Amino acid sequence: MIKTKKTGVYYNTLEDGDKSFYFNYRDKTDNNKLKWVQVGKYSEGIREINAFNLRAEQLSKMKHGEDITVIATKKKKEIVTFDDLAQTYFKDKKSTPNRMSRYNTHIKEVIGNKDIHKISKETIEKLLKDVEATGKANQTLNSIKELISTIYNHHIKKYDLEIVNPCIKIERYKVDNNRERYLSLSEIKQLKEAIKDDFLVSLFVDLSLQTGGRFETILHIQKKDINLDSGTVTLKNLKTKSTYTGYLQNEFLESISEYLKGLSINDFVVSFKDAHDTKLTQRQIQHRIKPLLDRLFNKGLDTKDAKNRAVIHTFRHTFASHLAINGVPIFTIKELMNHAKIEQTIRYAKLSPENGKNAVQGLYR
C-alpha cells in the first residue's frame, strides 16, 4: 500500500498498471480500530482527491452513525463509464454484430472503463492514432470515431445526458474512393485455383462474387434463404435490417445442391462441418482468406494502400465492376448491390462499355 500526499489516502498498483485507491480511519465505535475502505480505480475516474473528500465526509458523518460502506458504494455508483453508455446504446438500437465487434475490438479496452466526463478530444484522437498505427484504413478510423460519437449523442438526445460530445471537433479522415480495386477474370481464375480444395473458403468466395453481398451478409445466409428452383437467394442488409434478392449461377447451384440437402432449414450455409447451426465470425473467415489474398495479389503493396490492396471487400467491388463491364444498366447494379443511393453506384459507370462514345457517334443520324 503506497501513501499519497493526502492524509489517510493510499493506493495499490495493480498488475495491469491501474491504481486502486483506499482511505483509512479510526472507528471509535469499534475500539478505535483502524479500518480501510476501497474507493475505486484510476481507470474508473477515481483520483486521490476523491478518496480524500470521501474520507472527510465519512469522518463528519460518523458522528451520526452512518455506515462507511454505504457512502463508499453510493459514491462509486455515481461514476458512469463509457461502457455503460455503449451497452445501453447497443441494447436500445439492437445493433449489428459488426458494430459491436468494432466496439469490442477498437474501443472497449481503451476507454470502456473510463469515466465519461474524463474522456476528452485528445483521448479519442490518441485512440484513433493508435489504431491507425496498426495499418487500418481511414474509412475504419472514421467508423470508429462515428461510433463513439453516436453512442454519446444517443444518450444526450434520449436520456438528456448533460455532457459535451468529445468527438465534435475531431475531423474526419480523408477517404479516396476514386478507384476501387477489383479482380480481373484472370485473377478470379487464379484465386479459384488456389482454393479449389477448400470447400468452406470456395463456398464463401462463390457466394460473394455472385451476389456482391457484404461480409456479414454472406455469413448470415441460411439454407432457407436459397431457392434452388428460382436460382435466388434472400440476402440480409444488417445495416438497415432489411432483405433483398440476389441471383446465383446454375452451375454453382448444381454443385452445392447435395451439400444443401444435408443441412437443416435454419443452418448457415457457410459454416463448419458438424456445426452448421452456428454462424461463423468474420475473424474465422478473415484469417483463412487474408493470407491468400496477400500472397496472390498484394505483394509489395503498403499495408495502408487501401486503394490497391485486395481484401475480402474486394469481392463486392468485383461483382459490381464486372456487371458494369458487361453493360448492365447502372440502376440494375444499384439494386443488385442494395445501395441506398445511386451516388454509391455511379463510381462503376466508368467501367461500362457504353461510356458515351457510341451514343455520340450515332447522334443525329
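These questions and answers test the terms used for this predicted model against their criteria.

User: How do you know how many helices and strands the protein chain has?
Analyst: The count comes from DSSP runs. A helix needs at least four residues and a strand at least two. On that basis the protein chain has 15 helices and seven strands.

User: Why is E1 called a strand, with residues 2-3 alone?
Analyst: A strand needs at least two residues. E1 covers residues 2-3, so the run meets the cut-off for a strand.

User: What makes E1 and E2 a pair?
Analyst: Pairing takes at least two bridges found by DSSP. E1 and E2 (residues 9-13) have two bridges, in the antiparallel sense, so they pair. Lys3 stands opposite Tyr10 in E2. Five residues lie between the strands of this hairpin, and Gly8 there has a positive phi near 75 degrees.

User: How do you know that E2 and E3 pair?
Analyst: The cut-off is at least two bridges. Five bridges join E2 to E3 (residues 19-27), therefore the two strands count as paired. They run antiparallel. Thr13 stands opposite Lys19 in E3. This hairpin has five residues between the strands, with Gly17 at a positive phi near 90 degrees.

User: What does the radius of gyration say against the rule for a compact globule?
Analyst: A compact globule of 365 residues would come near 21 Å. The protein chain has 28 Å. The value does not match the rule for a compact globule. The C-alpha trace spans about 100 × 55 × 40 Å along its principal axes.

User: Why is Lys334 in H13 called buried?
Analyst: Buried means under 20% relative accessible area. Lys334 is listed among the buried residues of H13 (residues 330-337), so its relative accessible area is under 20%. The others listed are Ile330, Ile333, Leu336 and Met337. Across the protein chain, 42% of the 365 residues are buried.

User: Which elements do the buried residues of H13 pack against?
Analyst: Contact means heavy atoms within 4.5 Å. The buried residues of H13 pack against H8 (199-211), E7 (242-247), H12 (314-325) and H14 (342-345). After H13 comes Asn338, with a positive phi near 60 degrees.

User: What share of the contacts joins residues 24 or more positions apart?
Analyst: Among contacts with a separation of 6 or more, the share is 56%.

User: Where do the mean positions of the positive and negative charges lie relative to each other?
Analyst: They are 4 Å apart, for 64 positive and 46 negative charges.

How values were computed:
Residues numbered from 1 in each chain as written. Predicted model: local features only at pLDDT ≥ 70, side-chain atom pairs only at ≥ 80, totals over all residues. Heavy atoms only, no water. Rg over C-alpha atoms; globule rule 2.2 N^0.38 Å. Buried < 20%, exposed > 50% of the residue type's maximum accessible area, 1.4 Å probe, protein only. Lys, Arg positive; Asp, Glu negative; His and termini not counted. Charge placed at Lys NZ, Arg CZ, Asp CG, Glu CD.
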